[in-house]
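Please walk through this structure with the sequence and the coordinates side by side, pausing at each residue as it is named.

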Amino acid sequence: MSLTNKNVLLGIGGGIAAYKSADLVRRLKERGFDVRVVMSQSAMEFITPLTLQALSGHPVASSLLDPAAEAAMGHIELARWADLVIIAPATANLLARINAGMADELITTTCLATEAPIALCPAMNQQMYRNLATQANLTSLASRGYTLWGPASGSQACGEVGLGRMLEPVDIAELAIQFFASSDAVQLKPLAGQSILITAGPTREAIDPVRYISNHSSGKMGFALAKAAAEMGATVTLVSGPVSLSTPKGVVRIDVESAQNMLDAVMNNVDNKDIFIGCAAVADYRINDVATCKIKKSTEEMQLALVRNPDILATVASLPNRPFVVGFAAETHDVETYARDKLKRKNLNMIAANDVSVAGLGFNADANALRVFWPQGNQDLPATDKLSLARQLLSLIVKEKTNT
Ligand code: PMT
């Protein structure tokens with residue numbers, strides 16, 4: 001894909017990660033993007049416009065009230081020029097102002113004035129990131145179509161450790177490439193003519209008529225895959241455990257409760273499918289003897305006997321005319337080892353592993369990060385919103401399926 005005709009407008013917010021933005025300009029240029037830079041007033045306390053001008057090869061804009069800059073390329077023209085706007089670092093303050101629709105300086109005004117997609121790369125102290133106000137701003141921005149890239153987890157400039165680090169420039173540049181590839185994928189419909197079966201959400205294993213065993217899956221990742229697959233031209237059937245999400249446009253949805261119900265629905269619908277993706281968090285065990293009446297509280301302790309549930313993914317993978325089978329792995333440690341083990345043991349074509357110990361990613365979050373493994377290779381898909389991630393995973397599936 002040629003990127004030489006793609007324009008990226010980089011908005012730099014005033015955080016310590018602004019020093020990485022110089023490298024980001026370089027990485028984007030290396031990949032063929034034309035890059036222009038807009039800086040917030042506070043960003044210039046961390047890095048000089050001159051550095052960014054030298055790296056981007058264009059004058060850097062920072063003021064709404066600069067007659068010379070407006071005469072060269074006015075802020076509306078700049079907003080129109082961009083094919084993609086990346087805000088990196090997107091500080092807590094900047095996110096709040098963009099979410100509020102403020103036009104108080106050039107960088108926020110550009111976000112209001114552009115029709116281009118906007119990717120936000122949050123960067124802040126981990127506590128500030130976890131603060132409910134920041135989370136509410138991010139949720140609101142994501143619901144309005146802003147794309148979130150990151151943040152990453154790790155040690156921070158303030159000495160704390162946690163989620164809030166800006167993604168590395170090389171990862172952001174890679175996401176920009178994936179972004180245009182998946183936008184093209186939506187337009188080119190590489191899954192046209194393909195039939196996909198996807199599982200999503202949790203299962204519920206009844207204990208008695210009022211209680212059950214389940215897990216924290218919200219269904220968001222599986223529903224994002226269904227939406228992205230439909231956008232890319234596939235005929236999509238989605239088997240979902242109990243979730244409170246609306247069905248993506250054009251997707252046929254089958255609602256189930258337990259793992260056994262999910263297996264039955266999958267087996268009834270798997271014939272002639274080209275791709276199967278097991279994204280559901282299926283309960284590994286169910287109650288051996290489900291009580292028909294509500295169990296009354298009588299003893300201090302009670303024991304529940306559990307029996308193993310059938311493995312839906314492995315069952316599909318063992319079918320004679322099996323589809324291309326993609327599993328997920330939710331792990332809290334030794335992610336690669338366990339994912340590779342499941343890839344082999346369940347005889348899968350591909351597995352997408354997520355580290356569900358990272359706060360803000362995975363179960364019931366709007367963002368996720370995946371490490372994808374297949375017999376001949378692997379690829380990391382850094383933290384981003386689940387729809388963008390779904391598009392990237394499906395693009396990988398299309399590529400690998402063509403190679404097998
Ligand atoms: O739903 P969200 O809130 O958006 O969260 C997304 C997610 C974290 C649930 C998702 O990204 C994810 O990781 N899904 C798989 C969760 C899981 O059950 O992982 P596992 O490692 O226990 O299972 C491995 C694979 O076997 C999975 O593809 C699972 O669907 C499948 N499996 C497991 C048990 C079983 N009895 N049958 C199965 O098919």
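What follows moves from the overall division of the chain to the contact between its parts, then to the ligand, and last to some local details.

The model is a predicted one, and the chain in it is divided into domain 1, covering residues 7–183, and domain 2, covering residues 189–403. When the centres of domain 1 and domain 2 are taken over C-alpha atoms, they are separated by 34 Å. The two parts nevertheless touch, since 13 residues of domain 1 are in contact with 14 residues of domain 2.

The interface can be described first by its area and then by the pairs that cross it. Domain 1 and domain 2 bury about 1,000 Å² between them, and 59% of this area is on carbon and sulfur atoms. On the side of domain 1, the residues that lose the most area to domain 2 are L163, Q178 and S182, which together account for 38% of what that side buries. Between the two domains, three residue pairs are in polar contact, both residues of each pair being at pLDDT 80 or more, whereas the rule for salt bridges finds zero across this interface. The elements that give two or more residues to the side of domain 1 that touches domain 2 are β5 (147–148) and α9 (169–188). Of these, helix α9 provides the largest share, with four residues. Sorted by class, this side of domain 1 has six nonpolar, six polar and one charged residues.

The ligand is the next stop. There are 28 residues around the ligand, and those that come nearest are S217, S218, G278, K342 and N354. Several backbone atoms also lie at short listed distances from polar atoms of the ligand, and they can be taken in turn. A polar backbone atom of G278 is 2.6 Å from an oxygen atom of the ligand, while a backbone N or O atom of I312 lies 3.1 Å from a ligand nitrogen atom. For A330, a backbone N or O atom lies 3.2 Å from an oxygen atom of the ligand.

K342, one of the residues that come nearest to the ligand, also has partners within the protein. K342 is found in helix α13, and its side chain makes a polar contact of 2.6 Å with the side chain of E331. When neighbours within four places in sequence are left aside, K342 is in contact with A329, E331, N347, L348 and I351. One of these contacts, N347, has a backbone feature of its own: its phi is near 60°, a positive value in a residue other than glycine. N347 sits in the loop between α13 (335–345) and β17 (350–355).

Most residues other than glycine have a negative phi, and most peptide bonds are trans. Against that background, where do the cis peptide bonds described here lie? One joins A88 and P89, with omega about 0°, and P89 is found in strand β3, residues 84–90. Another runs from G150 to P151, with omega near 5°, and here P151 is placed in the loop between β5 and β6 (152–155).

Side chains of opposite charge can pair when their charged atoms come close. The structure holds 20 salt bridges, among them the one that E168 forms with K20, in which the closest N and O atoms are 3.2 Å apart. This pair links distant parts of the chain, with E168 in the loop between β7 (161–165) and α9, K20 in helix α1 (residues 19–30), and their positions 148 residues apart in sequence.

The tour ends at V398, which is placed in helix α14, residues 386–403. Not counting residues up to four places away in sequence, V398 touches P190 and L191. The C-alpha atoms of V398 and C279, which are 119 residues apart along the chain, are separated by 17 Å.

Note on methods. Residues are numbered from 1 along each chain as its sequence is written. This is a predicted model: local features need pLDDT of at least 70, side-chain atom pairs count only at pLDDT 80 or more; totals for chains, interfaces and linings use all residues. Side-chain values use heavy atoms; hydrogens and water are left out. Domain bounds come from an automatic or database domain assignment. Contact means heavy atoms within 4.5 Å. Buried area is the accessible area (1.4 Å probe) that two parts lose on being put together, summed over both. A salt bridge is a side-chain nitrogen of Lys or Arg within 4 Å of a carboxyl oxygen of Asp or Glu. A polar contact is a pair of N or O atoms within 3.5 Å; within protein, one must be able to donate a hydrogen and the other to accept it, and residues adjacent in sequence count only if both atoms are side-chain atoms. Ala, Val, Leu, Ile, Met, Phe, Trp, Tyr, Cys and Pro count as nonpolar, Asp, Glu, Lys and Arg as charged, and the others, Gly among them, as polar. A residue is near a molecule or strand if one of its heavy atoms lies within 4 Å of it.
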